[in-house]
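Please open the model in a viewer and keep the sequence panel visible beside it. The tour below proceeds by selection, from pockets to sheets to a single side chain.

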Amino acid sequence: MSCNFQTRLAAFHELGKQMDCSLNNGEFDTVIKQQTIENRWFTEENCRFALNALIKMLYKKSCETFFQKYQHYFQEAHKSQEIAVISAGNIPCAAFHDFFCVLVSGNRFIGKLSSQDALLLPSIAEILVKIAPELAEKMAFVEKLPKFDKIIATGSNNSARYFEYYFKDYPILLRKNRNSIAILNGTETDNDLRKLSIDVFQYFGLGCRSVSKIYVPKNYDFKRIIDLFQEKSKSLLMHNGYVNNYEYHRAIYALNNVPFYDGNSFLLIQNKSLASPISVIYYEEYEKISEVLEEISTRENDIQCIVSSDYAIENRISFGKTQYPTLLDYPDKEDIAYFCIK
């Protein structure tokens with residue numbers, strides 16, 4: 001088939017359908033098992049959740065919305081560029097969105113994957129090449145970066161300073177640490193809070209879309225949220241690394257006389273910071289919602305998602321939806337697709 005924007009996008013839509021079949025037929029079982037050995041934080045449940053999220057990302061409606069936004073830009077002829085991607089290893093298939101945008105825009109993907117997340121994306125790429133063999137020469141997974149035209153790099157705030165210096169002569173899309181928050185008003189249903197527990201605990205809270213802090217009305221009763229969160233969080237106690245974090249932080253807070261709510265599998269601590277440790281959820285009380293909105297407006301560059309049922313909150317995300325980004329939900333809100341062609 002001719003390799004234009006529409007056919008490339010159609011190939012990714014077909015990829016989603018074939019991934020769904022492969023996941024249900026057990027064809028991903030071997031690579032998932034190996035990935036769980038390579039990275040103990042990538043449990044089988046988390047790997048399957050991530051693959052299902054990518055399948056949803058490639059649904060027909062999502063691809064059509066993406067096409068409508070970019071058809072004018074991507075249909076114009078432009079020289080193919082070599083775009084390097086340095087990915088993070090915090091959640092499974094962390095580089096997929098970059099992989100998609102680089103290829104669908106007609107450029108060549110050069111992926112330097114994290115050693116913590118090096119197996120799933122190449123397996124997905126194999127399926128894509130069977131669908132669209134002409135894309136085989138448009139992708140490479142490497143240990144050392146060859147010559148390239150642009151670069152997309154994801155890492156911590158510390159590594160970002162290194163990337164900024166090392167790649168100062170290249171067009172770069174640089175991502176740093178971000179966290180997600182939830183703003184509650186006390187009217188949430190039990191089902192809302194159950195869904196919020198997915199936003200909090202999926203991937204052990206290691207993703208930038210994972211809710212690490214909750215804003216609650218003053219004198220909020222945490223009993224219900226603790227009970228409902230336990231339905232999701234208690235399964236994490238099967239993971240030694242998570243349990244070690246939970247017990248360590250509980251001991252440290254107790255020794256230092258820091259007040260906390262103990263959910264028996266997680267801790268709730270009052271703290272103004274956004275980024276909380278594994279097994280810990282920060283919270284902050286407010287009297288007026290306007291106070292919260294004013295505060296977070298000054299920390300926009302540190303926040304990825306805002307979860308709430310309050311319609312007054314701009315760009316809010318519904319409970320349980322943070323781990324299901326669409327093709328237009330860009331990390332750090334930086335338009336990857338436009339960066340690939342500008």
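Which residues lie nearest the centre of the largest pocket, and how many residues line it? Select Asn90, Ile91, Gly207, Cys208 and Arg209: these lie nearest the centre, within a lining of 48 residues. The structure is a predicted model, in which local features need pLDDT of at least 70 and side-chain atom pairs count only at pLDDT 80 or more, whereas totals for chains, interfaces and linings use all residues. Residues are numbered from 1 along each chain as its sequence is written, and side-chain values use heavy atoms, with hydrogens and water left out.

**First stop: the largest pocket**

The space in the largest pocket amounts to about 950 Å³. A pocket here is an open set of points, on a 1 Å grid over the protein atoms alone, where a 1.4 Å probe fits and protein lies on both sides within 12 Å along at least five of seven lines; lining residues have an atom within 4 Å of a point. Grid points are joined across faces, edges and corners, and the volume is the space filled by probe spheres set on the points.

Next, colour the elements that give two or more residues to the lining of the largest pocket: α3 (44-57), α5 (96-104), α8 (190-201), β7 (211-217) and β10 (280-286). Helices (H or I, at least four residues) and strands (E, at least two) are DSSP runs numbered from the N terminus. Among these elements, α3 gives the most, with 4 residues. By class, the lining of the largest pocket comprises 26 nonpolar, 15 polar and 7 charged residues. In this classification, Ala, Val, Leu, Ile, Met, Phe, Trp, Tyr, Cys and Pro are nonpolar, Asp, Glu, Lys and Arg are charged, and the others, Gly among them, are polar.

**Second stop: the second largest pocket**

The volume of the second largest pocket is about 490 Å³. Its lining holds 18 residues, and Glu300, Ile306, Glu314, Asn315 and Lys333 are the closest to its centre. Two elements, α11 (289-297) and β11 (303-307), give two or more residues to this lining; β11 gives the most, with 4 residues. The lining of the second largest pocket divides into 10 nonpolar, 3 polar and 5 charged residues.

Now select Asn315, which belongs to the loop between β11 and α12 (336-341). Is Asn315 buried or exposed? Asn315 is exposed, because its relative accessible area is 65%; the cut-offs are under 20% for buried and over 50% for exposed, with partly exposed in between (1.4 Å probe, protein chains only). Although Asn315 is not a glycine, its phi is positive, at about 60 degrees. Lys333 also belongs to the loop between β11 and α12, and its phi is near 60 degrees, a positive value in a residue other than glycine.

**Third stop: the six-stranded sheet**

Select the open sheet of 6 strands, whose order is β8-β9-β10-β7-β6-β11 with mixed pairing. Its edge strands are β8 (261-262) and β11, each of which pairs on one side only. Two strands pair if DSSP finds at least two bridges between them.

Move to β7: 7 of its 7 residues are buried, so the strand is largely enclosed by the rest of the structure. Strand β6 (residues 179-183) runs parallel to β7, joined by 4 bridges, and Ser180 stands opposite Val211 in β7. With β10, β7 pairs in the parallel sense over 5 bridges; there, Val216 has Glu285 as its bridge partner. To follow the connection, select β6, α8 and β7, which make a right-handed β-α-β unit. Right-handed means that, with the strands pointing away from the viewer, the path from the first strand over the helix to the second runs clockwise. Toward the edge, β6 and β11 pair in the parallel sense over 3 bridges, with Val307 in β11 as the bridge partner of Ala182.

**Fourth stop: strand β1 and its partners**

In strand β1 (residues 82-86), 4 of the 5 residues are buried, so β1 is largely enclosed by the rest of the structure. β1 pairs in the parallel sense with strand β2 (residues 108-112) over 5 bridges, and with strand β4 (residues 150-154) over 4 bridges. For sample pairs, select Ala84 with its bridge partner Ile110 in β2, then Ile83, which stands opposite Lys150 in β4. β1, α5 and β2 make a right-handed β-α-β unit.

**Last stop: Arg175**

Finally, select Arg175 in strand β5 (residues 172-175). Arg175 is buried, with a relative accessible area of 4%. Beyond residues up to four places away in sequence, Arg175 touches Asp98, Ile152, Ala153, Thr154, Gly155, Pro331, Asp332 and Ile336; contact means heavy atoms within 4.5 Å.
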